[in-house]
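This briefing sets out the computed architecture of the model shown below. Topics run from the individual chains to their contacts and cores.

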Amino acid sequence: MSIINVLLSAFRALQRNKMRSFLTMLGIIIGVGAVIAMLAIGQGAQYSVQQQISALGTNVLMVFPGSQQAGGIKMGAGTMTNLTEDDALAVGRECPSVAYVSPGARSGGQVIAGNLNWATSIEGTSADYLEIRKWKVEYGDFYTDQDIKAAAKVCVLGATVADNLFPGGDAVDQNVRIRNVPFKVIGVLERKGQNAMGQDQDDNILAPYTTVLRRLSYTPNIRYILVSAISPGEIMNAQNQISELLRMRHKINSYDPDDFTIRNQTDLASAATATSTTMTILLASIASVSLLVGGIGIMNIMLVSVTERTREIGIRMSVGARERDILTQFLIEALVLSLVGGILGIIFGVSGSQAISGLAHWPTIITFFSILLSFGFSIAIGIFFGFYPARKASQLNPIDALRYE
Amino acid sequence: MVDSVKPSGHEVIRIENLVKTYMLGEVEVHALRGVSVTVAPGEFVAVMGASGSGKSTFMNILGCLDKPTKGSYYLEGIDVSKLTRDELAAIRNRKIGFVFQGFNLLSRTTALENAELPLFYSTVSPKLRKERAVNALNLVGLGERIHHHPNQLSGGQQQRVAIARSLVNDPSIILADEPTGNLDSRTSVEVMEIFQSLNAKGITIVLVTHEPDIAQYSKRHVIFKDGKIRSDRMNENQKNATEVLKTIPAIDEEVAAA
């Protein structure tokens, strides 16, 4: 029997009991819809958690110089001065898992604007610093690569500094003097508040690192390299690539320890991601229980159908249907039920999750994968639960089947 | 009758010493106790006997729906008593046409599709399939009603669809199991008329019936009793159904069907 005929007769057989077929399908529709909607909610939650965490800078790595050692006494991380601007630029150029790099210079001191003054720290950064820290400029602009190249005497104030030096606002385009070096204020940062340690992150001034190195700290060596990986998942790769590159650049023998330290904050990120992954899996597995129940519904109806149509099976066998023909016929019917149910379930799931995100304002993400997964699952359920009734039908004895009343 | 043991190409059916024993719970039922018979091409055999005589069991084995316990059965020279289920299905598909007492048509399926059914399980193209089914339906006089469903047809018409279905695969033999059992006397004769005309075209027919009247339309009578053949003789005075029909007053079949 050709596949088209089998499909046609399957559709016709299901059409004969429209209500029953629909109710059977409903199990699959709800199951598939629920899996898609739950995955969409879970992944939406995961995405927003990831967004919030990466705003904390979790895909950020910091490279510090190693410990200086004097006669067996180690001075602690950052005491060596062997990280150069070129190291930082090389990291940005040669590590594929690295998105942005900012060489870090640091200085500090009294900052004077008119008759007001404030003691704060000055961070020398590249133009990519805001990208790495997920920070924004509230007023004005940030400095550009040109400013970095030219070691321009421009700066961007943290919100706390701006409050103290320019209480009336209007800090942009004003001049400040940092340790008697005049800087032009080109922007004010968005307020970020305290960090996890309780430090005020808005109490600092950002300036091109070239300017800080040449005008304020008078050293060619940078304090640290701030790096962001292209995604939180790439942090380990980025770390390995940086380590390898710096060892090569610093000509460290394979048996010697690093002369630098790389730090990351992945613990926080992975804990949060793991939580939301667990939640997604939980939601999806609850939903797949309903898909499973839908599958049992298919099996139930197919068993009823085989019993009802015993005579038909007998007739088909008497005119030459083989076991395989009967098996295929009933398997295809179960498959059509789950297939049509799966398609309707996708529509139901997609519109359902859009309704959820519209009404409850939850973020939902429908991925192609989740559609494919639930659809594939529903087909697998159709085959799995359709097989037993189909096999039962194909094993009937033709004489008994023909005589069945 | 049975002299030669060798299977011969001249016979449609050669059955030798067929035994069938059922287990009905603890009790052994000997349905057939050594039956031997041959059927030549073009024969029209009526198998008769009281219920329990073994004729239905014989028919099931003849139709490759059941396997004998002992003995051999050659259908056109093929020993079908040793075939698997699927091989038997293929034999039923190509060599045997069934007509049942209860018509056994697929409900909610048109006469045409019912007649086509055996061809779905063979390798006939859809075009040829329809052509052959239409031809078969024309042959039994249902050319006008090919798109009717069984519940729109009278009993006689339904049986004609079943006969068309049995013909469509061009089988070696048509097996009819009480084909007139559910029909009134005039319609029964009409069905026998069809069988006679098919037989006249050279088609071999084996008919099971317990009605001596119906058996009169066949050429040969095989009578079963207690699982054995009691008598096997040619029917000297075969009735002609067409002639008989002229003597029966016509009842409006359409009214009877409604």
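Chain B contains 9 helices and 10 strands. The model is a predicted one, and every value below is computed from it. In chain B, 48% of the 258 residues count as buried; in chain A, 43% of the 405 residues do.

**Overall composition**

- The secondary structure of chain A amounts to 13 helices and 12 strands.
- Among contacts in chain A with a sequence separation of 6 or more, 80% involve residues 24 or more positions apart.
- For chain B, 69% of the contacts between residues at least 6 apart in sequence join residues at least 24 apart.

**Sheet and helix in chain B**

- Four strands of chain B form an open sheet in the order β2-β1-β4-β5, and their pairing is antiparallel.
- The edges of this sheet are β2 (27-39) and β5 (78-79) of chain B, each of which pairs on one side only.
- Within the sheet, strand β1 (residues 13-24) of chain B is joined to β2(B) by 10 bridges in the antiparallel sense.
- One residue pair illustrates this register: Lys20(B) has Leu32(B) in β2(B) as its bridge partner.
- Helix α5 (residues 155-167) of chain B has 13 residues, and at 1.5 Å a residue these should span 18 Å; the C-alpha atoms at its ends are 18 Å apart, so the expected and modelled spans agree.
- α5(B) is mostly covered, with 13 of its 13 residues buried.

**Strand β7 of chain A and its partners**

- Strand β7 (residues 154-157) of chain A is covered on both faces.
- Val154(A) and Val156(A) are buried on one side of β7(A), while Cys155(A) and Leu157(A) are buried on the other.
- In a regular strand, side chains alternate between the two faces of the sheet.
- β7(A) pairs in the parallel sense with strand β9 (residues 181-189) of chain A, over 4 bridges.
- In that pairing, Val154(A) stands opposite Lys184(A) of β9(A).
- β7(A) is also joined by 2 bridges to strand β10 (residues 204-208) of chain A, and these two strands run antiparallel.
- There, Leu157(A) has Ile205(A) of β10(A) as its bridge partner.

**Contact between the chains**

- The contact between the chains involves 19 residues of chain B and 16 residues of chain A.
- On the side of chain B that touches chain A, α2 (85-95) and α3 (111-120) of chain B each supply at least two residues.
- The most is given by α2(B), with 6 residues.
- By residue class, this side of chain B comprises 9 nonpolar, 4 polar and 6 charged residues.

**Nonpolar cores**

- In soluble globular proteins, nonpolar side chains tend to be buried together.
- The largest nonpolar core has 123 residues, of which Val47(B) and Ala164(B) touch the most other members.
- Helix α2 (residues 18-55) of chain A gives the most to this core, contributing 14 residues.
- Beyond its neighbours within four places in sequence, Val47(B) is in contact with Lys55(B), Phe58(B), Met59(B), Val206(B), Leu207(B), Val208(B), Val222(B) and Phe224(B).
- A second, separate core holds 54 residues, including Tyr129(A), Leu130(A), Val154(A) and Val176(A).
- Val154(A) thus appears in two settings: in this second core, and among the buried residues of β7(A).

Notes:
Residues numbered from 1 in each chain as written. Chains lettered and ligands numbered in written order. Predicted model: local features only at pLDDT ≥ 70, side-chain atom pairs only at ≥ 80, totals over all residues. Contact = placed C-beta atoms within 7 Å. Nonpolar A, V, L, I, M, F, W, Y, C, P; charged D, E, K, R; others polar. Expected span 1.5 Å × (residues − 1). Buried ≥ 20, exposed ≤ 12 C-beta atoms within 10 Å, placed from the backbone. Pairing = 2+ DSSP bridges. Core = buried A, V, L, I, M, F, W, Y, C linked by C-beta atoms within 7 Å.
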